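User: Hi! I'm new to protein structures and would like to go through one step by step. Could you help me read it?

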Amino acid sequence: MFSNTGIKEFQHYLDIEKERQLATQELSEILGIDISLSDKEVMQNAQENFAKAFNKKVYKEMNKWMKSAFS
């Protein structure tokens with residue numbers, strides 16, 4: 001399904017979102033209002049960011065291949 005590299009890359013995006021969640025929780029405490037994200041939102045953001053990065057990587061590799069194949 002996913003290679004170890006793909007899993008590690010997704011974990012990277014998930015870690016970023018978890019750090020963001022901690023920061024919003026701290027800010028929520030300071031402000032006195034809850035602006036933090038739910039666990040579901042954290043996972044969804046990680047998935048979306050991973051998918052964007054993956055698609056960008058595939059697009060870049062396809063362009064590279066097309067240029068080499070037709071030059």
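User: Let's start with one residue. Which helix does E17 lie in?

Analyst: Happy to help! Keep in mind that this is a predicted model. The chain has two helices and zero strands, and helix α1 covers residues 4-31. The helix that holds E17 is α1.

User: Is E17 buried or exposed?

Analyst: Look at the relative accessible area of E17, which is 3%. A residue counts as buried when that value is under 20%. So E17 is buried.

User: Which residues is E17 in contact with, leaving aside its neighbours within four places in sequence?

Analyst: E17 sits in helix α1, while helix α2 covers residues 39-69. To find its partners, we skip the neighbours within four places in sequence. The residues in contact with E17 are then V42, N45, A46 and N49.

User: Which side chain meets that of E17 in a salt bridge?

Analyst: As a general idea, side chains of opposite charge can pair when their charged atoms come close. For E17, the salt bridge has an N to O distance of 3.1 Å. Its partner is three residues away in helix α1, so about one helical turn separates the two. That partner is R20.

User: And how exposed is R20?

Analyst: We already know that E17 is buried, at 3% relative accessibility. R20 counts as partly exposed, a class that lies between the cut-offs of 20% and 50%. The relative accessibility of R20 is 41%.

User: How many salt bridges does the structure hold?

Analyst: One of them is the pair of R20 and E17. Another joins the side chains of K57 and E9, at 3.4 Å from N to O. The number of salt bridges in the structure is two.

User: How many residues apart in sequence are the parts that K57 and E9 tie together?

Analyst: K57 belongs to helix α2 and E9 to helix α1, so their salt bridge ties together parts from two helices. Both ends are partly exposed: K57 has a relative accessible area of 46%, and E9 has a relative accessibility of 27%. The parts they tie together are separated in sequence by 48 residues.

User: Now the aromatic rings. How many aromatic pairs does a search of the whole structure find?

Analyst: One pair is made by F10 and F50, and another by F50 and F54. Searching the whole structure gives a total of three.

User: What kind of pair do F10 and F50 make, stacked or edge-to-face?

Analyst: The ring centres of F10 and F50 are 5.7 Å apart. F10 is in helix α1 and F50 in helix α2, so this pair links distant parts of the chain, 40 residues apart. Their planes stand at 90°, and an angle over 60 degrees puts a pair in a named class. That class is edge-to-face.

User: What about F50 and F54: what is the angle between their planes?

Analyst: F50 and F54 are four residues apart in helix α2, so about one helical turn lies between them. F50 is buried at 9% relative accessibility, whereas F54 is partly exposed at 43%. Their ring centres are 6.2 Å apart and the pair is stacked, with an angle between the planes of 25°.

User: Which residues form the aromatic cluster?

Analyst: F50 takes part in both pairs we discussed, with F10 and with F54. Y13 belongs to the cluster too. The full membership is F10, Y13, F50 and F54.

User: Back to helix α1: which residue's backbone nitrogen lies 3.4 Å from a polar atom of the S28 side chain?

Analyst: S28 is placed in helix α1 and is buried, at 9% relative accessibility. Leaving aside neighbours within four places in sequence, its contacts are I33, D34, I35 and S36. The backbone nitrogen in question belongs to S36.

User: Finally, the overall shape. What is the radius of gyration of the chain?

Analyst: The C-alpha trace spans about 60 × 25 × 15 Å along its principal axes. For 71 residues the globule rule gives 11 Å, and the chain is well over that, so it is more spread out than a compact globule. Its radius of gyration is 17 Å.

Definitions and conventions: Residues numbered from 1 in each chain as written. Predicted model: local features only at pLDDT ≥ 70, side-chain atom pairs only at ≥ 80, totals over all residues. Heavy atoms only, no water. Salt bridge = Lys/Arg side-chain N within 4 Å of Asp/Glu carboxyl O. Buried < 20%, exposed > 50% of the residue type's maximum accessible area, 1.4 Å probe, protein only. Contact = heavy atoms within 4.5 Å. Phe/Tyr/Trp six-rings, centres within 6.5 Å; stacked < 30°, edge-to-face > 60°. Rg over C-alpha atoms; globule rule 2.2 N^0.38 Å. Polar contact = N/O pair within 3.5 Å; in protein donor to acceptor, adjacent residues only side chain to side chain.
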